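Please describe this protein chain in a brief report. Cover the overall form first, then a few residues and their contacts.

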Amino acid sequence: MGQFKRSFAPEITDYVGAFELPLKPRAYRFWVTLGDRLMRRWSLAVRKDPYY
């Protein structure tokens, strides 16, 4: 999402009121605890961009 937003403007604005509704609770729990952190770290190391 961050990369999509950055294609319009260099600054990203997050709005209050957004929420996530997990359709697959186990996959969502994995992503929240480990997946997001790993992808952000990979993106910083390889592409020098925190938004994967």
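The report below moves from the whole chain to single residues.

## Model and fold

This is a predicted model. The protein chain has 2 helices and 0 strands. Helix α2 covers residues 25–47.

The C-alpha trace spans about 35 × 30 × 15 Å along its principal axes. The radius of gyration of the protein chain is 13 Å. A compact globule of 52 residues would have a value near 10 Å.

## Surface and charge

Buried residues account for 8% of the 52 residues in the protein chain. The chain exposes about 5000 Å². Carbon and sulfur atoms supply 63% of that area.

The protein chain carries 10 positive and 5 negative charges. The mean positions of these two sets lie 10 Å apart.

## D49, after the helix

D49 sits in the segment after α2. Its relative accessible area is 15%. The cut-off for buried is under 20%, so D49 counts as buried.

What does D49 contact, leaving aside neighbours within four places in sequence? The partners are R6, S43 and L44. For the S43 pair there is also a distance between polar atoms: the backbone oxygen of D49 lies 2.5 Å from a polar atom of the S43 side chain.

## S43, in the helix

S43 belongs to helix α2. Is S43 buried or exposed? S43 is buried, because its relative accessibility is 0% and buried means under 20%.

Residues up to four places away in sequence are again left out of the contact list. On that basis S43 touches K48, D49, P50, Y51 and Y52. D49 therefore appears in the contact list of S43, and S43 appears in that of D49, with both residues counted as buried.

## M39, also in the helix

M39 is placed in helix α2. Its relative accessibility is 32%. Partly exposed covers the range between the 20% and 50% cut-offs, so M39 falls in that class.

Not counting residues up to four places away in sequence, M39 touches W31 and Y52. Y52 is also touched by S43. M39 and Y51 are 12 residues apart along the chain. Their C-alpha atoms are separated by 8.9 Å.

## Summary

In this predicted model, the chain has 2 helices and 0 strands. S43 in helix α2 touches residues including D49, which is found in the segment after α2. M39, in helix α2, touches Y52.

Definitions and conventions. Residues are numbered from 1 along each chain as its sequence is written. This is a predicted model: local features need pLDDT of at least 70, side-chain atom pairs count only at pLDDT 80 or more; totals for chains, interfaces and linings use all residues. Side-chain values use heavy atoms; hydrogens and water are left out. Helices (H or I, at least four residues) and strands (E, at least two) are DSSP runs, numbered from the N terminus. The radius of gyration is taken over C-alpha atoms; the globule rule is 2.2 Å times the number of residues to the power 0.38. Buried means under 20% relative accessible area, exposed over 50%, partly exposed in between (1.4 Å probe, protein chains only). Accessible areas come from the Shrake-Rupley method with a 1.4 Å probe; for residues, only the protein chains shown count as cover. Lys and Arg count as positive and Asp and Glu as negative; His and the chain ends are not counted. The place of a charge is taken as NZ of Lys, CZ of Arg, CG of Asp or CD of Glu. Contact means heavy atoms within 4.5 Å. A polar contact is a pair of N or O atoms within 3.5 Å; within protein, one must be able to donate a hydrogen and the other to accept it, and residues adjacent in sequence count only if both atoms are side-chain atoms.
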